[in-house]
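Here is a short briefing for a reader new to this structure. Look over the sequence and the model, then read on by topic.

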Amino acid sequence: MKERIVVKIGSQILSRKDGMLDLTRMSALVDQIAELHKNNIEVILVSSGAVASGKSEIKAKAKLDTISARQLYSSIGQVKLINRYYDLFQQQGIICGQILVTKEDFATRRHYLNQRNCMSVMLDNKVIPIVNENDAISVNELMFTDNDELSGLVAAMMGAKKLIILSNIDGIYSDNPSKPEAYIFREIDIKKDDIENCIQSSKSATGRGGMTTKYNVARRAAEEGIEVIIANGRRDNILVDLIKGKDVVSTRFKPSGKGTNSIKKWIAHSDGFTKGEIHINKCAAEVLLSDKAVSLLPVGVTKISGNFEADDIVRIIDEKGKQVGIGRTSYSSEKAKETIGKNNKKAIVHYDYLYIEK
C-alpha cells in the first residue's frame with residue numbers, strides 16, 4: 001500500500017521580504033515533492049501564499065478594511081500561486097490540481113465526503129492535490145485559524161500516516177529561539193509531555209497562525225494516530241531527508257497508535273462547527289472517560305446550552321466546565337431539554353457519533 005502524507009507549506013516560506021513569491025524556494029520544494037511522488041508516495045500539498053502573492057501584484061485605489069483587502073489580494077494571488085505550481089510540476093512531468101475549501105465544507109458529513117472523494121480520485125490518477133483556504137469568501141467565523149488547522153483536517157480526512165508542517169524555524173523550542181538557553185524539543189509524546197507553557201505565541205508577518213496553532217494541530221493529529229513533524233522549510237532537501245528518516249533537526253509528535261473510524265475523525269475535528277453544549281454530571285463523565293463503548297444518555301445530562309437541531313455537532317462539558325468530548329446529537333436543543341435527567345430515553349449522542357478527549 002502506498003504511503004500517504006500531507007505537506008503544509010506556510011506563507012513565510014513562499015514569500016520573500018518584499019512580498020514577492022520566492023520562486024527559488026518554491027521550485028526546490030516542488031522538486032522534493034516530485035521526487036517523493038516518483039517514489040510511490042502520495043503527497044497532498046496544503047499551501048498558503050495567496051494573499052502574500054496578491055499583494056505584490058496590485059495596489060488598491062483606496063484604503064481597504066482587513067476583509068476586503070484579504071478578498072482582493074487572495075483572488076489575484078491564488079491564480080498566480082497555482083499557475084506557478086502548475087508550471088513547476090509540469091516540468092517534472094506531474095499534473096497538479098487545485099482544491100479551495102472553506103470551514104463550512106467540513107461542517108457537514110456530505111461536504112466532508114465529497115472533498116474526500118475528490119482528493120481520492122486525484123490521487124488514484126497520480127494528480128497532486130494542492131489545497132488552500134478559499135480566502136476570497138472565507139471571512140470572520142468562516143475562516144480557519146490558519147492553514148495549519150486545515151492541514152490537520154485534511155490529514156485526518158484522507159487517512160495520512162504523516163503530516164509535515166514546514167515553518168521558518170526548526171520546530172518547537174523550550175523558549176524564544178533567539179535566547180541562547182533555548183533548546184528544541186526533538187520528540188513529543190502527547191501522553192506524557194506537557195509543554196504548552198513553552199510555546200511562543202508570536203505570528204509571522206505574512207500568515208495568521210503561530211507556533212501555538214501548530215502545537216494544537218499537531219497534538220490533535222497525533223491523538224488520531226498521525227505522525228506530525230514540524231520542520232524548517234528553508235533547509236535544503238528537508239522533505240526527502242525527513243521521509244528517508246535522516247536525523248534532521250525538527251520536532252516530531254509521536255502518534256498515539258490508536259485507530260479511529262472515519263465518522264469519529266470527522267467529529268473529532270469539528271470543534272469549530274459546534275452549535276451548542278451538553279453539560280453532564282460527574283457520574284456520566286466518569287463513564288464516558290472509561291474504556292467502555294458507551295453512549296451519552298439523558299439521565300447523565302444536567303443542562304443544555306445553545307440552539308441546535310438534530311444531527312448538529314455539540315460540545316460535551318463536565319461539572320468543572322471542561323470539555324470532555326464532541327458529538328453529533330440525536331435531539332434538537334428543545335427536545336433535549338425535555339429529556340434532561342430522565343431514564344429509558346434514547347441516547348442524546350450515540351457512541352458511533354461520539355469522540356471523547358482523553
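Two strands count as paired if DSSP finds at least two bridges between them. With that in hand, L45 can be placed: this residue stands opposite I130 in β4. The model is predicted. The domain assignment of the protein chain gives domain 1 (4-262) and domain 2 (270-356).

**The sheet**

- Eight strands make up an open sheet with mixed pairing.
- Their order is β3-β4-β2-β1-β5-β7-β8-β6.
- At the edges are β3 (95-101) and β6 (187-189), and each of these pairs on one side only.
- From one strand to the next, the twist averages 20°.
- In general, the strands of a sheet pair through backbone hydrogen bonds, in a parallel or an antiparallel sense.
- Strand β2 (residues 41-47) and strand β4 (residues 127-133) pair in the parallel sense, over two bridges.

**The two domains**

- The C-alpha centres of domain 1 and domain 2 lie 33 Å apart.
- Seven residues from domain 1 and five residues from domain 2 take part in the contact.

**The nonpolar cores**

- The largest nonpolar core has 45 residues.
- Within this core, F106, V131, V154, I172 and F253 touch the most other members.
- Both domains contribute: the core draws at least three residues from each of domain 1 (4-262) and domain 2 (270-356).
- Another core, of 33 residues, lies apart from it. Its members include V30, L45, I82 and A231.
- Which residues does F106 touch, not counting residues up to four places away in sequence? The list is V101, Y112, Q115, F144, L150, L153, V154, M157, W266, S270 and F273.

**Around D170**

- D170 sits in the loop between β5 (162-167) and β6.
- Is D170 buried or exposed? Its relative accessibility is 12%, and buried means under 20%, so D170 counts as buried.
- The D170 side chain makes a polar contact with the side chain of N232, at 3.4 Å.
- The D170 side chain also makes a polar contact with the side chain of R235, at 3.0 Å.
- Leaving out residues up to four places away in sequence, D170 touches I184, I230, A231, N232, R235, V249, S250 and T251.
- One of these neighbours, A231, is also among the members of the 33-residue core.

Note on methods
Residues are numbered from 1 along each chain as its sequence is written. This is a predicted model: local features need pLDDT of at least 70, side-chain atom pairs count only at pLDDT 80 or more; totals for chains, interfaces and linings use all residues. Side-chain values use heavy atoms; hydrogens and water are left out. A nonpolar core is a set of buried Ala, Val, Leu, Ile, Met, Phe, Trp, Tyr and Cys residues joined through side-chain atoms within 4.5 Å. Buried means under 20% relative accessible area, exposed over 50%, partly exposed in between (1.4 Å probe, protein chains only). Domain bounds come from an automatic or database domain assignment. Contact means heavy atoms within 4.5 Å. Helices (H or I, at least four residues) and strands (E, at least two) are DSSP runs, numbered from the N terminus. Axes are lines fitted to C-alpha atoms, for helices over the stretch in contact, and angles run from 0 to 180 degrees between N-to-C directions. A polar contact is a pair of N or O atoms within 3.5 Å; within protein, one must be able to donate a hydrogen and the other to accept it, and residues adjacent in sequence count only if both atoms are side-chain atoms.
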